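I opened my notebook to get to know a new structure, and I am jotting down what I looked up as I go. Please follow along with the picture beside you.

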Amino acid sequence: MRKLVLVVCSLVLCVAVSAAEDKISSQWKCDAKAADEHSIAVGDQDGHAYHIGQGKCASEKGTMGDVKEQEGMWTEFDDISGSATRNHGVFEVTLASGDKVFYNYHGTQTTKDGIMDGTNTWTLGGGTGKFKGVKGEGGCKGKGDSDGSSTWNCNGTYSVAK
């Protein structure tokens, strides 16, 4: 009986350790212009458009575990009404190891005097290599820069099945 209790306790401890969450704290500098973008006026009111775009970001700081984040590519759909935008998309992060992690996000942005402010929430939608099956959640805050680029600070937690 003691051996059974010891085995069960060991299994519970292993599951708890393998499900431990790590923190993500990243900063991204995103290009001023999308690499590819398309916009269509909706026509129901002035300034209302649907927009789809794809662009790149460079990691200013951040790691997943001991692996440095290198570059990111966003692909998103925007519903734009004047200076307000609602969006959702996927942010694909390439790590120094070559592995990729996929963030599914949705958020809002406002533009005033040509400068953007935004927030989003995200969940991790998987990855490759060491990060296959990664799960997590968090959010980002973004600020437009005078050159048209933007800087995003992101925080959250993640776990990888071991």
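**Entry 1: a lysine to start with**

How exposed is Lys143 by relative accessibility? I looked it up in this model, which is predicted, and found that Lys143 counts as partly exposed, at 44% relative accessibility. I then checked what its side chain meets, and found a salt bridge with the side chain of Asp117, at 3.3 Å from N to O. This pair links distant parts of the chain, since Lys143 sits in strand β9 and Asp117 in strand β8, 26 residues apart. Asp117 is partly exposed too, with a relative accessible area of 34%.

**Entry 2: the overall plan**

I stepped back to see the whole chain. I noted 1 helix and 10 strands. Reading from the N terminus, I met the helix and then the strands, in the order α-β-β-β-β-β-β-β-β-β-β. The chain has 162 residues, and 35% of them count as buried.

**Entry 3: more salt bridges**

How many salt bridges does a search of the whole structure find? I got 5. As a reminder to myself, side chains of opposite charge can pair when their charged atoms come close.

I looked next at Asp145 and Lys29, whose side chains meet in a salt bridge at 2.7 Å, N to O. Asp145 is in the loop between β9 and β10 and Lys29 is in strand β1, so this pair links distant parts of the chain, 116 residues apart. Both ends are partly exposed: Asp145 has 22% relative accessibility, and Lys29 has 29%. The cut-off for buried is under 20%, so Asp145 at 22% counts as partly exposed.

I also found Lys130 and Asp66, with their side chains in a salt bridge at 3.4 Å, N to O. Lys130 lies in the loop between β8 and β9, while Asp66 lies in the loop between β4 (63-64) and β5, so the pair ties together parts 64 residues apart in sequence. Asp66 is exposed, and I wrote down its relative accessible area as 68%.

**Entry 4: the largest pocket**

What is the volume of the largest pocket? I read off about 930 Å³. It is lined by 40 residues, and the closest to its centre are Trp74, Glu76, Gln109, Met116 and Ser150. I sorted the lining by type and counted 18 nonpolar, 15 polar and 7 charged residues.

I then asked which strands take part. At least two lining residues each come from β1 (22-30), β3, β5 (67-81), β6 (84-95), β7 (100-112), β8 (115-127), β9 (135-144) and β10 (150-159). The largest share, 6 residues, comes from β7.

**Entry 5: a nonpolar patch outside**

On the surface I found a nonpolar patch of about 320 Å², made by Val42, Tyr50, Ile52 and Phe77. I followed up on Val42, which is in the loop between β2 (36-41) and β3 (48-61). Val42 is partly exposed, with a relative accessible area of 33%. Patch residues need over 30% relative accessible area, so Val42 at 33% passes that cut-off.

**Entry 6: an unusual backbone angle**

Where is Asp113 found? I traced it to the loop between β7 and β8. Its phi is near 55°, a positive value in a residue other than glycine. I noted alongside that most residues other than glycine have a negative phi. Asp113 also counts as exposed, at 73% relative accessibility.

Terms used: Residues numbered from 1 in each chain as written. Predicted model: local features only at pLDDT ≥ 70, side-chain atom pairs only at ≥ 80, totals over all residues. Heavy atoms only, no water. Patch = residues over 30% accessible without salt bridge, like charges linked within 9 Å, V, L, I, M, F, W, Y side chains within 5 Å. Areas by Shrake-Rupley, 256 points an atom, 1.4 Å probe, with all protein chains shown as cover. Salt bridge = Lys/Arg side-chain N within 4 Å of Asp/Glu carboxyl O. Helix = DSSP H or I, 4+ residues; strand = E, 2+ residues; numbered from the N terminus. Buried < 20%, exposed > 50% of the residue type's maximum accessible area, 1.4 Å probe, protein only. 1 Å grid on protein atoms, 1.4 Å probe; cavity = no way out; pocket = protein on both sides within 12 Å on 5 of 7 lines; lining within 4 Å. Points joined across faces, edges and corners; volume = space filled by probe spheres on them. Nonpolar A, V, L, I, M, F, W, Y, C, P; charged D, E, K, R; others polar.
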